[in-house]
Amino acid sequence: MTKMRELTLIGIRMESPNRAPVMMLRETEGYRYLPISIGSVEATAIAYEEQGLRPSRPLTHDLMRDLIEAFGVHIEAVEIVELRDAVFYAELVLGNGARVSARPSDSVALAVRLGTPIRCTEQVLLEAGVATPEEEQAELERFRQFLDGVAPEDFSS
């Protein structure tokens, strides 16, 4: 059985020079971070949910949540299961044991709406995780404060 590590969504940051959105996840019981480049649509969907903003019409991930709930499906976890050729792969783990392939960005956007745990294989964390030394903790705290002040509109083109 593959060893899984629980992750927490830290937030979305913009990477320079092209200001591409990066989803930042962190081990719940550890010190590694997992940065994943994502699209601006997914970044906006995650940021809206994190900030409690409700658009006048449902976003795609809101629709997915509503369909999942309407059909009585339970999603046990979102799992980031593989990194191949610089592409991350995730799966939705359903209550009946079925697994559905999905992009990590879509999976996390759904997880934040459903309160679903986010997990990652140890292998992916070994390959792509970034260990953060003690001296960088202050910089991470400044980043967290920055995230608190970011609005979803900042991700629009």
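Is Arg119 buried, exposed or partly exposed? In this predicted model, Arg119 comes out as partly exposed, at 26% relative accessibility. Its salt-bridge partner is Glu79, with N and O 3.3 Å apart, and Glu79 is buried, at a relative accessible area of 7%. Arg119 sits in strand β7 (residues 118–121) and Glu79 in strand β4 (residues 75–84), so this pair ties together parts that lie 40 residues apart in sequence.

That bridge is one of 16 salt bridges counted in the model. Here are three of them:

| Salt bridge | N to O distance |
|---|---|
| Glu27 and Arg32 | 2.9 Å |
| Glu49 and Arg54 | 3.1 Å |
| Arg119 and Glu79 | 3.3 Å |

How do the ends of the other two pairs sit? Glu27 and Arg32 are both buried. With Glu49 and Arg54 it's a mixed picture: Glu49 counts as buried at 15% relative accessibility, because the cut-off for buried is under 20%, while Arg54 is exposed, with a relative accessible area of 56%. Glu49 and Arg54 also belong to a wider network, where shared partners link them with Asp62, Arg65, Asp66 and Arg113.

Now for a pocket. The second largest one holds about 190 Å³ of space. Strand β1 (4–15), along with α1 (40–50) and α5 (137–148), each give at least two residues to its lining. Among the lining residues are Ile10, Ile12, Ala47, Glu50, Arg144, Asp148 and Phe155. Sorted by class, the lining has 6 nonpolar, 2 polar and 3 charged residues.

How values were computed: Residues are numbered from 1 along each chain as its sequence is written. This is a predicted model: local features need pLDDT of at least 70, side-chain atom pairs count only at pLDDT 80 or more; totals for chains, interfaces and linings use all residues. Side-chain values use heavy atoms; hydrogens and water are left out. On a 1 Å grid over the protein atoms alone, a cavity is a set of points where a 1.4 Å probe fits but cannot get out, and a pocket is an open set with protein on both sides within 12 Å along at least five of seven lines; lining residues have an atom within 4 Å of a point. Grid points are joined across faces, edges and corners, and a volume is the space filled by probe spheres set on the points. Helices (H or I, at least four residues) and strands (E, at least two) are DSSP runs, numbered from the N terminus. Ala, Val, Leu, Ile, Met, Phe, Trp, Tyr, Cys and Pro count as nonpolar, Asp, Glu, Lys and Arg as charged, and the others, Gly among them, as polar. A salt bridge is a side-chain nitrogen of Lys or Arg within 4 Å of a carboxyl oxygen of Asp or Glu. Buried means under 20% relative accessible area, exposed over 50%, partly exposed in between (1.4 Å probe, protein chains only).
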